[in-house]
Amino acid sequence: MRSYLFALFVTLFMLLGCETTDPANGQAQDVAAPVIFNHFEPSKKTVLTVSNKTDAPVKPTIKLQPTPQTTNSPNTAVTKRNADLWQHIATNLQFKIYLNKALNKRIKWYIRQPNYLKTVNKRAAPYLYHIVRKIEQQNLPMEIALLPFVESDFRPTVSSSQQAVGVWQLVGATAHHFGIKSDQWYDGRQDVLASTDAALAYLKYLHKRFDGNWLHALAAYNSGEGRVKRAIAENKNKGKSTDYWSLKLPKETSEYVPKLLALSYLVQNPQQGLLRPKLANKALTTEFNVGQQFDFSVIANLSGIGRKQLHTLNPGYLKNQSSPDGPHTLLLPLEQQSLLRSQFFKNNFSGEYIVKKDDTLYSISRRFGLSVKKLKMMNNKTSNLIGIGEALIVGQPRTMPDSLTIDYKISPYLEQTEVAIPTIAIEYQVKPGDTIWGISQLYDVPHKDLAQWNKLSASSILKPGSLLVLHLPQATKPVSQLHNEGMLSGLEKTLKQPH
């Protein structure tokens with residue numbers, strides 16, 4: 001009897017001890033020591049696994065957390081919504097991530113810049129919600145929302161040494177092919193939402209060209225379709241694997257995809273050391289079609305929004321006026337819609353309204369100061385049914401030439417921007433804890449260019465006391481004073497630029 005009770009006690013103890021460590025079922029597990037995987041088949045809920053395709057097994061320097069697994073297919077529905085946009089992004093990331101030497105290197109790089117996302121998020125905030133919605137509407141992987149961070153640190157006006165421009169780093173030929181307008185008045189590559197449309201179209205094209213392989217498509221986005229196809233063909237001829245990790249690609253491209261995957265992993269697992277910002281999962285800005293050539297100064301006065309803020313939100317416009325031939329669309333803060341609500345706008349520029357999701361005849365009629373009955377009569381409607389994309393007449397616009405422009409002899413904005421600003425080369429002495437990215441933020445230059453100027457990679461570890469060369473615009477105050485001011489936020493720095 002005693003032996004029977006003892007055996008029963010041991011059995012119960014073992015069962016209770018197993019209840020608290022079941023990663024496959026999403027239960028809490030003991031993470032006192034890092035979990036190390038060398039060879040295994042991924043469980044249904046484990047995203048991060050070890051790939052031995054190109055590297056010897058690497059001991060992870062991070063603690064792996066089970067997260068819902070999805071596939072690399074763009075057809076995975078994005079349905080989970082969160083009140084915080086960054087949590088929403090994290091919840092809906094789709095790629096399986098294979099831990100290897102290249103990825104581990106990029107993870108370490110991000111963790112050394114714990115405030116990276118919080119800093120860059122200040123520049124991204126007016127646009128990120130719109131980008132996420134466009135990605136969801138086109139049923140694309142959520143990882144693409146992180147590409148502007150990888151490409152440009154979300155700098156709308158940045159230009160690379162290869163003349164790629166904007167947050168998506170589009171070169172002129174690609175932008176033109178996918179419908180981006182560029183002239184002396186306007187560069188759509190610097191227009192965040194217009195360039196987003198072009199970049200998503202380009203990525204969809206590449207995804208199709210590479211037979212649904214997103215890693216190949218992303219590599220091609222960075223280095224060109226032809227280069228990736230040649231690398232694949234070379235591996236085929238040698239009987240080698242053609243997966244991304246096995247391809248012989250330029251150094252920048254070989255680091256490009258790992259950088260995106262590392263950022264994706266850390267966004268899902270902020271406890272690893274990359275601080276994740278908070279941002280409301282709702283539009284902070286709205287697109288507003290002025291409908292005719294406009295002057296930023298006039299729109300600023302009508303809307304109550306500062307001219308500098310207007311230029312900051314709409315970096316695609318290169319002058320103080322829009323082109324006579326358009327576009328005439330502005331991005332405005334939602335909390336400052338006095339222009340949209342003004343009688344001046346309703347009387348002169350609200351002739352047509354395009355129905356959006358969740359619109360009703362009642363909400364549209366209230367917006368434009370009409371009764372539902374009058375709105376239906378103006379549009380020859382007998383029912384309350386409306387469709388997304390439908391154009392409704394909501395007013396009787398009047399043509400008012402020159403009403404939104406000022407007859408400058410020379411635009412004060414042009415007077416400032418058309419003057420060529422010479423650059424100067426300065427030396428910077430590396431201090432303990434400095435990184436390529438941190439120094440680039442301090443002097444407001446692309447970290448890729450800073451690395452290239454000094455023949456380094458973007459992830460190079462800097463030796464204290466060494467000297468870096470920076471090519472900066474001629475400063476209006478001593479460089480030493482610039483350095484002592486410390487790192488401004490992206491928005492603050494943008495507002496300090498001349499307009």
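# A guided tour of the predicted model

Buried residues account for 46% of the 499 residues in the protein chain. The model on display is predicted. With the whole protein chain in view, 21 helices and eight strands can be found. Among contacts between residues at least 6 apart in sequence, 68% join residues at least 24 apart.

## Helices α4 and α7

Begin by selecting helix α4, residues 116-137, together with helix α7, residues 192-209. The axes of α4 and α7 come within 10 Å and cross at roughly 25 degrees. Angles under 35 degrees count as roughly parallel, and α4 and α7 are therefore roughly parallel to each other. Their crossing is right-handed.

Next, display the side chains where the two helices meet. On the α4 side, select Tyr-127, His-130, Ile-131, Lys-134 and Ile-135. On the α7 side, select Val-192, Leu-193, Thr-196, Asp-197 and Leu-200.

Now centre the view on Thr-196, which lies in helix α7. Is Thr-196 buried or exposed? Its relative accessibility is 0%, so Thr-196 counts as buried. Once its neighbours within four places in sequence are set aside, Thr-196 is in contact with Ile-131, Lys-134 and Trp-168. Ile-131 and Lys-134 are among the α4 residues that meet α7.

## Aromatic rings

The next selection concerns aromatic side chains. The structure holds 16 aromatic pairs. One of them is formed by Phe-178 and Tyr-202, whose ring centres are 5.4 Å apart and whose planes stand at 45 degrees, so the pair is tilted. Where do its two members lie? Phe-178 is in the loop between α6 (172-177) and α7, while Tyr-202 is in helix α7, so the pair ties together parts that are 24 residues apart in sequence. Phe-178 counts as partly exposed, at 23% relative accessibility. Tyr-202, with a relative accessible area of 13%, is buried.

Select Trp-86, Tyr-127, Phe-149 and Phe-154 next, as these residues form one aromatic cluster. Tyr-127 has already appeared on this tour, among the residues of α4 that meet α7.

Two further rings have a charged residue over the face. Select Trp-109 and Arg-106: Arg-106 lies over the face of Trp-109, at 4.9 Å from the ring centre. Then select Trp-185 and Lys-319: here Lys-319 lies over the ring face of Trp-185, and the distance from the ring centre is 4.5 Å.

## Helices α8 and α9

Move to helix α8, residues 214-223, and helix α9, residues 225-237. At what angle do α8 and α9 pack? The angle is about 130 degrees, and the axes are 7 Å apart. The two helices are therefore oblique to each other. To see the contact, show His-216, Ala-219, Ala-220 and Ser-223 of α8. Add Glu-225, Arg-227, Val-228 and Ile-232 of α9, which complete the contact.

## Backbone details in the loops

The following stops concern the backbone. Select Gly-326 and Pro-327, which are joined by a cis peptide bond with omega of about 5 degrees. Pro-327 is located in the loop between α12 (307-313) and β4 (329-333).

Then select Asp-153, a residue other than glycine with a positive phi, near 55 degrees. Asp-153 is found in the loop between α5 (147-152) and α6. Its relative accessible area is 2%, and Asp-153 is buried.

Lys-455 is not a glycine either, yet its phi is positive, at about 55 degrees. Select the loop between α19 (447-453) and β8 (467-473) to find Lys-455. Is Lys-455 buried or exposed? With 80% relative accessibility, Lys-455 counts as exposed.

## A final stop in helix α6

Finish at His-176, in helix α6. His-176 is exposed, and its relative accessible area is 64%. Add Gly-188 to the selection: the C-alpha atoms of His-176 and Gly-188 are separated by 9.3 Å, and the two residues are twelve apart along the chain.

Key
Residues are numbered from 1 along each chain as its sequence is written. This is a predicted model: local features need pLDDT of at least 70, side-chain atom pairs count only at pLDDT 80 or more; totals for chains, interfaces and linings use all residues. Side-chain values use heavy atoms; hydrogens and water are left out. Rings of Phe, Tyr and Trp (its six-membered ring) pair if their centres lie within 6.5 Å; planes under 30 degrees apart count as stacked, over 60 as edge-to-face and the rest as tilted. Helices (H or I, at least four residues) and strands (E, at least two) are DSSP runs, numbered from the N terminus. Buried means under 20% relative accessible area, exposed over 50%, partly exposed in between (1.4 Å probe, protein chains only). A charge sits over a ring if NZ of Lys or CZ of Arg is within 6 Å of the ring centre and within 35 degrees of the ring normal. Axes are lines fitted to C-alpha atoms, for helices over the stretch in contact, and angles run from 0 to 180 degrees between N-to-C directions. Angles under 35 degrees count as roughly parallel, over 145 as roughly antiparallel, 65 to 115 as roughly perpendicular and the rest as oblique. A crossing is left-handed if the near helix is turned anticlockwise from the far one by less than a right angle, and right-handed if clockwise. Contact means heavy atoms within 4.5 Å.
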